[in-house]
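Let's take a walk through this model together, starting with its enclosed spaces and finishing at its surface.

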Amino acid sequence: NSSDPRPSFLLASIPGLEAAQSWLAVLLCCAYILALTGNGAVLLVVRLEPSLHAPMYFFLCMLAAIDLALSTATVPRVLSFYWFGTREIGFGACLLQMFLIHSLSAVESTVLLAMAVDRYVAICHPLRHAAILTNAATAKIGLAAMARGVLFFLPLPLLLLPLPFCSSRALSHSFCLHQDVMNLACANTTPSVVYGLTAILLVMGLDAVLICLSYILILKAVLRLAAWKDRLKVFSTCIAHICVVLAFYVPLIGLSVVHRFGRDLAPLVHVTMGNIYILVPSVLNPIIYGVRTKQIQRRIL
């Protein structure tokens with residue numbers, strides 16, 4: 001097979017549903033508009049309400065901004081393909097989209113960890129919460145999360161940049177992911193495989209372990225309370241964050257499992273899992289916090 005070091009790639013359509021793609025794109029567009037509206041509302045409410053100028057809500061704003069950026073980096077291009085048939089995506093555009101998806105996911109994972117730590121300090125050390133998590137500290141955490149995402153995942157497109165690619169250019173998703181693009185290279189991809197796995201484990205994997213540890217410590221502190229009513233009242237402050245963590249990590253784990261063990265699965269599974277991974281957190285996060293946080297709910301109403 002001939003190889004081209006700078007090919008364009010072909011985005012994956014919805015197998016068996018090509019004729020209905022225009023209608024499915026309408027549903028995708030509605031979900032995208034919902035994500036834009038919900039996350040934009042969260043940002044606006046926190047910006048306009050002085051009583052919400054606290055670390056917990058600043059972290060929520062970071063989460064909303066990340067979800068806006070992540071969905072905007074992918075969904076418009078997918079809609080362009082589904083509605084206008086522009087299936088081909090250039091090499092540089094694909095690598096840029098891949099970098100944005102992975103780095104923004106890493107930033108979101110770090111922010112979720114910071115929110116778990118915020119809940120731990122608020123419940124286990126309430127008298128020190130204001131001194132530990134100041135507005136300045138919150139801003140530094142946000143900058144550190146961004147730097148962490150960029151530094152860990154910038155090497156991914158750089159490792160793919162010099163590789164030659166074979167004649168097969170068809171991706172298994174409607175957007176570009178590292179493992180998907182890497183599998184199309186007709187060269188040794190061991191450095192890219194090793195680094196990609198290491199970055200995932202050191203960022204998302206480590207964050208997941210630390211979030212679980214935070215909640216184990218929170219649970220121990222809650223169980224020390226005498227009354228069940230007090231236990232439920234304290235732990236209820238964590239319900240929204242737990243739901244947001246699940247909305248992020250469950251699709252991420254599902255997509256990773258499909259990539260690792262699902263080569264024999266129908267292509268529809270790959271496309272569906274990819275769209276769920278991109279859209280579910282962006283749509284659900286503002287809904288979860290809008291329902292669970294009375295201050296945001298009242299201000300929106």
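**Inside and outside the fold**

The second largest cavity holds about 40 Å³ of space, and please keep in mind that the model you are viewing is predicted. Helix H2 (55–84) and helix H11 (267–292) are the elements that each give two or more residues to the lining of this second largest cavity. If you would like to display the lining, select Leu28, Thr74, Val75, Val78, Phe175, Asn275, Ile278 and Leu279. By type, these residues of the second largest cavity divide into six nonpolar, two polar and no charged.

How many cavities of 30 Å³ or more does the structure hold? There are two. The largest cavity has a volume of about 70 Å³, and its lining is formed by Met56, Met115, Asp118, Arg119, Thr237, Ala240, His241 and Tyr289. Helix H3 (91–124) and helix H10 (239–261) each supply at least two residues of this lining, with H3 giving the largest share, three residues. Here the residues divide into four nonpolar, two polar and two charged.

Now let's turn to the surface. Met146, Val150, Leu154, Leu158 and Leu161 make a nonpolar surface patch of about 410 Å². Leu161, one of these patch residues, sits in the loop between helix H6 (155–160) and helix H7 (178–182). Is Leu161 buried, partly exposed or exposed? Its relative accessibility is 34%, so Leu161 counts as partly exposed, since that class lies between the 20% limit for buried and the 50% limit for exposed.

Technical notes
Residues numbered from 1 in each chain as written. Predicted model: local features only at pLDDT ≥ 70, side-chain atom pairs only at ≥ 80, totals over all residues. Heavy atoms only, no water. Patch = residues over 30% accessible without salt bridge, like charges linked within 9 Å, V, L, I, M, F, W, Y side chains within 5 Å. Areas by Shrake-Rupley, 256 points an atom, 1.4 Å probe, with all protein chains shown as cover. Salt bridge = Lys/Arg side-chain N within 4 Å of Asp/Glu carboxyl O. Helix = DSSP H or I, 4+ residues; strand = E, 2+ residues; numbered from the N terminus. Buried < 20%, exposed > 50% of the residue type's maximum accessible area, 1.4 Å probe, protein only. 1 Å grid on protein atoms, 1.4 Å probe; cavity = no way out; pocket = protein on both sides within 12 Å on 5 of 7 lines; lining within 4 Å. Points joined across faces, edges and corners; volume = space filled by probe spheres on them. Nonpolar A, V, L, I, M, F, W, Y, C, P; charged D, E, K, R; others polar.
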